[in-house]
Amino acid sequence: MQFFPPAKVNLGLNVVNRRPDGYHDLETVFYPVPLCDELDVKAMAADDPCPYDCDLLMDDGVLDCDPQQNLVVRAYRLLKEQCPTLPRVRVRLVKHIPSQAGMGGGSSDCAYMLVALNRMFHLGLSDERLMMLAARLGADCAFFITGRPAYAEGIGERLQPIDLDLSGRYIAIVKPPIAVPTRDAFARISPQRPPKNCREIINQPIGTWREELVNDFELSVFALYPEIGEVKQKLYDMGAVYAAMSGSGSSVFGIFDAPVELAEAFPGMFTHVASF
């Protein structure tokens, strides 16, 4: 059975508190993006000689880590702890969402793995139960169980559905060939609550977002990697009504009233344009 895990962007991202456990409390709005990976899950034959319960293959045969440590396989193992009779499966993953982009590609893949297994093998787990399991795999994984726009707090695991619809607009995504280490992204951040919460701002006319809807990571990331900041400015120069870095980078997105052409403007970078 085939599934299509989507990406997400952050509409506002504020780091509001440093926690005793070393993590940070955040306030952000997650919004799904029409840019998807492909996840094909099939039950293995009983006599399949594969030594693994979950055999993960990539479309190009290349993974950036041991396949058995990938979040998709970890999602299978987590669910098998809950449902010991879960059959062995073979998974083929085709990546379209760029990695290290702040768009949640890996988180979406593992969340959809939970959804896929639950649906294929009639496990009967509720969305709420799947979200609890997904949160154990990563801070933003729970969002992708339903993929509906949500306001997130904590480390990104506490979600509240919101009424936000960007239908009729276009999203333009640009990712420079840069990987932003999480440590670098947090390096110059001083946690503080913003004057206005991002949940309030997204209910305002989108024309007000540029001045008020802020990603706190931009200050530190743009100082270290100015070319990412240049991408944001160029999207505004091209007519974006709002532009921002997603997550801790390095992708930048712009929201437009009409489709735009990105390839010539951003040579050597990943680009994607889609309608919401």
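1. A quick definition to start: helices (H or I, at least four residues) and strands (E, at least two) are DSSP runs, numbered from the N terminus. With that in hand, H122 can be placed in the loop between α2 and α3 (127-135).

2. Some ground rules before going on. This is a predicted model, where local features need pLDDT of at least 70, side-chain atom pairs count only at pLDDT 80 or more, and totals for chains, interfaces and linings use all residues. Residues are numbered from 1 along each chain as its sequence is written, and side-chain values use heavy atoms, with hydrogens and water left out.

3. Back to H122, which has a positive phi of about 50° although it is not a glycine. Q100 does something similar, with a phi near 50°, and sits in the loop between β6 and α2 (105-120). Most residues other than glycine have a negative phi, and most peptide bonds are trans. Buried means under 20% relative accessible area, exposed over 50%, and partly exposed in between (1.4 Å probe, protein chains only). On that scale H122 is exposed at 70%, and Q100 is exposed at 56%. While you're looking at the backbone, find the cis peptide bond that joins G249 and S250, with omega about 15°; S250 is in the loop between β10 and β11.

4. Now for the salt bridges (a side-chain nitrogen of Lys or Arg within 4 Å of a carboxyl oxygen of Asp or Glu). The whole structure has nine. One of them pairs R90 with D48 at 2.8 Å, N to O. R90 is in strand β6 (residues 89-94) and D48 in the loop between β4 (38-43) and β5 (54-58), so this pair ties together parts that are 42 residues apart in sequence. R90 is partly exposed at 26% relative accessibility, while D48 is buried at 19%.

5. R169 and D257 also form a salt bridge, at 2.4 Å, N to O. Their loops, β8 (158-161) to β9 (170-175) for R169 and β11 (252-256) to β12 (270-275) for D257, are tied together by the pair across 88 residues in sequence. Have a look at D37, K95 and D109 too, since they are linked in a network of salt bridges.

6. What about the inside? A nonpolar core is a set of buried Ala, Val, Leu, Ile, Met, Phe, Trp, Tyr and Cys residues joined through side-chain atoms within 4.5 Å. The largest one has 51 residues, and L11, W209 and L235 are among those with the most contacts inside it. Apart from it lies another core, of 38 residues, including M58 and F121.

7. Zoom in on L235. Contact means heavy atoms within 4.5 Å. Leaving aside neighbours within four places in sequence, L235 is in contact with residues including A172, V174, F253 and F266.

8. Helix α8 is worth a look as well. Its buried residues are F217, E218, S220, V221 and F222, and they pack against β2, α5, α9 and β10.

9. Finally, which residues lie nearest the centre of the second largest pocket? They are N14, Q192, P194, V214 and D216, out of a lining of 18. A pocket is an open set of points on a 1 Å grid over the protein atoms alone, where a 1.4 Å probe fits, with protein on both sides within 12 Å along at least five of seven lines; lining residues have an atom within 4 Å of a point.
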